[in-house]
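Me: Please take a close look at a single part of this model. I would like the criteria stated along with the values.

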Amino acid sequence: MQKIFPNTFFLIFLTIFLLNKVTIAKELIFKLDKVAEGIYYHKSILDEPNIRNQGLIANLGLIVGDENILVVDAGPSKILARKLIASIKNISNKPIRYLILTHRHFDHAFGIEAFKELNTIIYMSKKEFYYLKKDGPAIFNNLVKNRGFKNTGVNFNNIEENDINFLEDEKILDLGNRKVLIKNLGAAHTMGDIIIYDYKTKTYFVGDLLFKGRAAAFTDANLIEWRKKINFFSKEPWKIIIPGHGEVIKKKEDLNDTLVWLKFVQKSIERSLENGDMLSEVLQYDMPKKINHLELKIITLKEGLKRQFEIIK
């Protein structure tokens, strides 16, 4: 039997380590795709948060006016938010005047500090800010401990109430020859989901109100209200919707990736309560064929149902 010397083990380990680092660097490059005049977005991978993606799993976007830039969501850490800002500067040197946080979840909001450094005007739901401050530190610590996140990603002591403009209804912002509506829809995916509408191109940024190609996460959701809010887009005219996760939406039938999934989740909860089924049994329920193509169904269902059952109890 051939002997393997210690130096060989070291070289194997070093090679794996370096390859892993290269892979991480590759995945964490921002690519801002132009989807309409003055409208750009970074399409993230459909994945769970892990050491390689560092939570860069949500779509981020921007709207460029004649005078200012509006950014949609801050990403999962100040480190990555700074990289996003650098990528934006490659598109335009106009000031980043506004940051709109669609909701509090880590992949959308934990990069807020990088925008504070620019004195950006930040809008967010007041309820969502409350839960960001209340639950954010524990969530971040869990991501560091169990998902391999860098522990320098966010300092919640640097995020204060006077840093935020609370949006409880709607407001029109002028970016310079470009008016944009920001609107708090209230309870849906979270306690206060904000959407952004660009009048010039009839484009919506909707955060996690909609998912494309991925099972929608629903741990903090009001499922009934969420489906009602999505129905708004079935009736209203629009050209482009940029969801919180997945490809750009251009057809109304693509709303079904989220609508059919949420209906299945709601019916599953009702059925389990009626039959007294355990979580393991619910995970065996047959899913509609219309959502067979969705990524991350089982893990999303498992995590979401555990939380929803806690709320119901």
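Reply: What follows deals with one buried side chain and then with a sheet.

This is a predicted model, in which local features need pLDDT of at least 70, side-chain atom pairs count only at pLDDT 80 or more, and totals for chains, interfaces and linings use all residues. Residues are numbered from 1 along each chain as its sequence is written, and side-chain values use heavy atoms, with hydrogens and water left out.

Q54 is found in the loop between β2 (39-42) and β3 (60-64); strands (E, at least two residues) are DSSP runs, numbered from the N terminus. With a relative accessible area of 10%, Q54 is buried (under 20% relative accessible area, 1.4 Å probe, protein chains only). Its side chain reaches the backbone oxygen of I51 at 2.9 Å. A polar atom of the Q54 side chain also lies 3.0 Å from the backbone nitrogen of K150. Leaving aside residues up to four places away in sequence, Q54 touches L28, P76, L80, G148, F149 and K150 (heavy atoms within 4.5 Å).

Turning to the sheet, five strands form an open, mixed arrangement in the order β8-β9-β10-β11-β12; two strands pair if DSSP finds at least two bridges between them. β8 (170-174) and β12 (240-242) stand at the edges with a single partner strand each, so one side of each has no neighbour in the sheet. Neighbouring strands of this sheet are turned by 20° against each other on average, direction ignored (axes are lines fitted to C-alpha atoms). Within the sheet, β9 (residues 179-184) and β10 (residues 194-198) pair in the antiparallel sense over five bridges. K183 stands opposite I195 in β10.

Terms used
Helix = DSSP H or I, 4+ residues; strand = E, 2+ residues; numbered from the N terminus. Axes fitted to C-alpha atoms, helices over the stretch in contact; angles between N-to-C directions. Buried < 20%, exposed > 50% of the residue type's maximum accessible area, 1.4 Å probe, protein only. Polar contact = N/O pair within 3.5 Å; in protein donor to acceptor, adjacent residues only side chain to side chain.
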